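Student: I'm new to this one, so could you walk me through it?
Tutor: Sure, let's open it up and take it piece by piece.

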Amino acid sequence: MIKIEPMVASFCPKCKMSWYYPIDMPDNEKKQICGYKGCDGIPIHTKMLNIECAYIYCISKDRDFLKEMNNLRNNDIVAYKAKVAEFKAIYKQNHPNEEEAENGLMVKKQPSNQPKCPTCGSTNIEKISTGKKIKGSMLFGLFSNDAKKQMRCKDCGYKF
């Protein structure tokens, strides 16, 4: 499982640049002027978590929307949490390959290392033994079906 540490977001309302800082970092230690490609915007330092921003960005990447969500968080935390929960449901629909970790953050699912049959997708497969390969190549030479294949699906019989 890939871990994502919870951080808080800051963003420039002028040029759309974003930064993420550790939760306990004081605002005076964070960037005070954007500086991205000469931008002189003053970053807005929020208390929104990086994962909450991912949910919000799933709805809209508009900076005014993000700014209003930050205002909602600062003024009505209950309404903010309800909105984020709605956005999270939409995010989960759009990102099926992610799952929620114990700390509430979304992490990418680790792909299974178990081989699958390319024909039927079954994991009920076996390795074709060296003995079978030798036997097949002795009887049929290079035309043997087992000579160049490594695995056989026990469900559909496909060799790959």
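Tutor: One bit of vocabulary before we start: contact means heavy atoms within 4.5 Å. Also keep in mind that this is a predicted model.

Student: Okay, in what order do the three strands of the open sheet sit?
Tutor: The pairing here is antiparallel. β2 (18-22) and β3 (44-49) each have a single partner strand, so they stand at the edges. Reading across, the order is β2-β1-β3.

Student: How many bridges join strand β1 to β2?
Tutor: β1 covers residues 7-11, and the two strands run antiparallel. One place to look is F11, which stands opposite S18 in β2. The count of bridges joining β1 to β2 is five.

Student: At about what angle does α1 run to β3?
Tutor: Picture α1 lying across β1, β2 and β3. α2 packs on the sheet too, touching those strands, with its direction at about 70 degrees to that of β3. For α1, the angle to β3 is about 95 degrees.

Student: How many of the ten residues in helix α1 are buried?
Tutor: Buried means under 20% relative accessible area. Helix α1 spans residues 50-59 and is mostly covered. N50, I51, E52, C53, Y55, I56 and Y57 are the buried ones, which brings the tally to seven.

Student: Which element gives the most residues to the largest nonpolar core?
Tutor: That core has 15 residues, and M48, Y55, I56, L66, M69 and Y80 touch the most other members. β1, β3, α1, α2 and α3 each supply at least two residues. With five residues, the top contributor is α1.

Student: Which residues does I56 touch, leaving out those up to four places away in sequence?
Tutor: I56 is one of the core members that touch the most others, and it sits in α1, where it is buried. Its contacts beyond that sequence window are M48, F65, L66, M69, Y80 and F87.

Student: And is α2 parallel or oblique to α3?
Tutor: Their axes come within 6 Å and cross at roughly 135 degrees. F65, M69, L72, R73 and N75 in α2 meet I77, A79, Y80, K83, V84 and F87 in α3. Angles of 65 to 115 degrees count as roughly perpendicular and those over 145 as roughly antiparallel, so this crossing makes α2, relative to α3, oblique.

Methods: Residues numbered from 1 in each chain as written. Predicted model: local features only at pLDDT ≥ 70, side-chain atom pairs only at ≥ 80, totals over all residues. Heavy atoms only, no water. Axes fitted to C-alpha atoms, helices over the stretch in contact; angles between N-to-C directions. Helix = DSSP H or I, 4+ residues; strand = E, 2+ residues; numbered from the N terminus. Parallel < 35°, antiparallel > 145°, perpendicular 65-115°, else oblique. Buried < 20%, exposed > 50% of the residue type's maximum accessible area, 1.4 Å probe, protein only. Pairing = 2+ DSSP bridges. Core = buried A, V, L, I, M, F, W, Y, C linked by side-chain atoms within 4.5 Å.
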